[in-house]
Amino acid sequence: MATTTAPTPTSSRGDRWAGPGMLLPFALFYLVFLVGPLIYTVVAGFFETSLLKSGLGDFAGLSNYTAVLGDAEFWRTLRNTLWFTVLTTVPLVLLSLALALLADRFVRGRWFFRFAFFAPFVLPSAVVSLLFMFIYADQLGLAQEAVKWFGVDTPPSWLGDPDWAMISIAAATVWWTIGFNFVLYLAGLQDVPREVHEAAAIDGAGPWQRIRHVVVPMLGRTTTLVTVLQVIASLKVFDQIYMMTAGGPDGSTRSSLQLIYDTGFVEGRVGYASTVSLLLFVVILLVSLVWFALVRRAEKES
Amino acid sequence: MRDRIPTPSPPAPSRRRVLRGGIALGAAGAAALTASGCGSTLAQGFTGGAPSPSRLNFWNPFTGGDGERMLAMQDAYRAAHRSTELKSATFLWGNPYYTKLTLSTLGDRPPQVAVVHLSKLPTLAEAGLLTELRTDDLARHGLTEDKFDARPWRKSQFGGAPHAVPLDTHPFVLFFRTDIAEKAGLLDGQGQLVDVDGPDAFIDALRAAKEVTGAWGGSIASVKEASMQFRLFWSLYRQVGGGDLVADQGKRVVVDTAAAAEALAYIRRLSQEKVIPANTDGKGAITLLTTGKAGFLMDGVWQALAVRSAKVKFDMRPLPRIFKDAPYACAADSHALVLPKAPDEKAQRLDLSLGFIASMLHSSKLWAEGGHVPAWLPTQRSRAYKELVPQSHYATAADGAVYDPAAWYGGAGSTMQNVVGDAVTSVFTGETSPTAGAARLRRDLRTLASRPAPV
């Protein structure tokens with residue numbers, strides 16, 4: 001009987017190139033669709049690039065940068081964006097943690113809560129916006145009727161009042177995106193070993209104490225991840241605001257990304273829009289770096 | 001024992017094989033491109049070749065009811081020109097459409113014919129994106145000046161030469177429920193709306209309607225619809241005799257703040273006297289009318305189909321003349337057909353394109369059914385159009401049509417509409433006083449005018 005032998009590795013040459021070869025298609029896409037446009041953005045920021053003319057346009061030096069930094073609208077949209085980030089990140093982190101802790105306690109029917117909280121997240125932003133435009137509609141909307149039930153005679157115009165518009169959009173966003181953080185927290189909860197729970201219970205810790213002193217600290221890494229992802233996502237907000245209020249009323253919900261869209265595509269001032277997007281990029285980078293630095297220090301201390 | 005035998009690992013693909021596979025794939029792709037021939041728009045986009053001589057690419061931003069009518073007009077063209085292969089593409093209205101049109105023209109792959117708003121024409125023409133039309137070329141296809149409504153025709157000119165062929169005028173008008181108006185005693189013996197012109201007469205009519213509806217007299221979009229507030233302001237500002245807002249293609253601000261404050265004061269009255277709700281979005285404004293919570297609606301004629309689909313008794317008329325200081329005015333725009341500048345004459349196909357434009361104008365009756373006032377006089381003056389109701393009831397509004405001020409930041413869906421509209425909204429909702437609103441408007445326009453123009 002002939003013995004079957006494993007074929008000897010033919011050459012190490014093929015192996016050496018297999019990894020990079022597999023990466024090549026992605027690397028090409030990365031270069032063409034991410035690095036390339038980024039370089040173009042940086043370059044265009046130094047020119048009066050126009051959407052209505054081909055080429056880069058006249059050299060502008062730093063004038064786009066001084067113009068953007070002196071533009072009250074740039075600072076206002078940045079303030080709006082940060083306000084939206086605060087309005088969404090805080091409830092999205094705290095509420096998803098609370099919901100995950102509660103849903104985790106159910107033994108029977110847990111699937112239902114997981115499904116119910118995650119379901120809105122799969123909706124496209126256009127659907128969510130349309131849904132909430134009906135809910136927030138003036139004169140005819142559900143939200144105004146609901147508030148009237150609680151005895152408020154003149155309910156606010158949810159999307160029409162500059163003081164309320166951003167809050168209304170943030171509330172819709174929380175409902176829509178909480179599922180993602182919820183799932184991350186549920187996964188984090190699975191990693192808390194049973195023994196830790198049992199040990200704490202033997203030491204006489206009640207359910208609330210166990211959550212406070214055992215579970216929540218053990219979810220620290222998940223919280224870091226959830227918060228950073230949420231801050232970055234909120235700073236990049238565009239679609240739901242654009243669809244629900246188009247930045248109004250009176251620019252009170254206009255986000256930085258919309259300023260970029262408006263100057264770049266509506267007005268055709270690509271050079272200026274590039275500068276704004278680069279500055280927003282720096283802001284997001286700084287916020288993320290500061291956050292990571294804070295977390296690292298906190299982790300070292302504990 | 002089976003598990004003793006080591007399973008041979010699949011041989012790693014040699015570089016040569018990978019390369020050979022890649023080349024084969026590329027060849028297959030190229031073959032697919034050539035197989036579908038130069039007729040494929042996709043292939044044309046990649047290779048940069050001119051489309052086949054019998055093909056006509058046409059771009060438009062019409063969806064919904066307008067889109068349906070535009071398709072019917074294209075069918076009429078196809079039926080009469082079987083040898084031409086008409087490829088039409090519809091894009092989302094507004095800036096996405098203009099961005100695509102601009103970039104395709106800059107990239108030397110424009111459609112042969114495209115629809116634009118005449119308010120956008122000065123910017124597009126100044127940027128050199130449009131083919132200048134010659135009157136004798138137009139005349140060869142029967143498109144002569146005497147057959148067009150004077151206002152849109154004049155607006156189609158740039159630098160003394162036609163750059164577009166106007167299709168319609170679509171003014172900002174007044175919708176009203178005939179049943180509510182009747183109960184409110186606002187109809188005369190012939191079922192026509194009584195005189196609602198003048199600042200007090202209009203508010204009185206709104207108040208009478210409010211008593212019938214029990215909710216509101218009229219409605220107008222304000223939330224999310226800066227452009228609608230712009231139209232209201234621009235109409236009244238022109239009626240006061242305020243003249244232009246900007247001059248020199250937007251480089252100089254000439255707004256008359258006193259006139260602006262007067263117009264704004266009246267706009268504030270509408271919400272202050274609680275005859276019109278201060279916060280309503282576009283759909284909500286229409287819904288208030290169709291559900292009988294408002295008797296009047298100020299909106300564009302293009303909403304005629306939306307209101308009709310609600311199957312309520314309604315009629316339309318030009319926006320009331322509130323101020324008598326200047327000739328009657330109402331904000332309006334026009335759709336027009338243009339030839340985006342093609343890289344060469346072969347790609348332009350002038351006569352094929354102009355023939356298509358002529359056919360579109362001959363279908364003006366179909367277009368008018370969607371609410372637009374036809375610019376093509378043979379249709380506008382026809383008996384068939386005069387019998388169209390309510391379309392013919394507001395046709396005179398086109399005589400008072402005022403287009404957006406010419407500026408690179410102006411026109412349909414533009415920054416100017418947003419900036420001015422936001423200032424108007426803040427007065428309308430009572431956040432700002434009329435005089436402060438007028439001052440803000442001037443300040444914001446100055447900021448816009450000081451920016452470097454992209455054209």
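Helix α4(B) makes the largest contribution to the lining of the largest cavity, giving four residues. This is a predicted model, and the cavity in question has a volume of about 160 Å³. Which residues lie closest to its centre? Of the 15 that line the cavity, these are L52(A), F265(A), V266(A), Y98(B) and K120(B).

Several elements share in this lining. Those giving two or more residues are listed here.

| Element | Chain | Residues |
|---|---|---|
| α12 | A | 256–266 |
| α4 | B | 95–106 |
| α5 | B | 121–126 |

Sorted by class, the lining holds seven nonpolar residues, six polar ones and two charged ones. How many cavities of 30 Å³ or more does the structure hold? There are five of them.

Now let us turn to a strand in chain B. Is β12(B), residues 314–318, largely enclosed or not? Five of its five residues are buried, so the rest of the structure largely encloses this strand. Strand β7(B), residues 168–177, is joined to β12(B) by five bridges, and the two run antiparallel. One pairing to look for is R177(B), whose bridge partner in β12(B) is F314(B).

A helix of chain B rounds off the tour. Helix α15(B) covers residues 350–362, and its 13 residues, at 1.5 Å each, should span 18 Å. Its end C-alpha atoms are 18 Å apart, which agrees with that expectation. Buried residues in α15(B) include S353(B), L354(B), G355(B), F356(B) and I357(B), and A358(B), S359(B), M360(B) and L361(B) are buried as well.

How values were computed: Residues are numbered from 1 along each chain as its sequence is written. Chains are lettered from A and ligands numbered from 1 in the order in which they are written. This is a predicted model: local features need pLDDT of at least 70, side-chain atom pairs count only at pLDDT 80 or more; totals for chains, interfaces and linings use all residues. Side-chain values use heavy atoms; hydrogens and water are left out. On a 1 Å grid over the protein atoms alone, a cavity is a set of points where a 1.4 Å probe fits but cannot get out, and a pocket is an open set with protein on both sides within 12 Å along at least five of seven lines; lining residues have an atom within 4 Å of a point. Grid points are joined across faces, edges and corners, and a volume is the space filled by probe spheres set on the points. Ala, Val, Leu, Ile, Met, Phe, Trp, Tyr, Cys and Pro count as nonpolar, Asp, Glu, Lys and Arg as charged, and the others, Gly among them, as polar. Buried means under 20% relative accessible area, exposed over 50%, partly exposed in between (1.4 Å probe, protein chains only). Two strands pair if DSSP finds at least two bridges between them. The expected span of a helix is 1.5 Å times one less than its number of residues.
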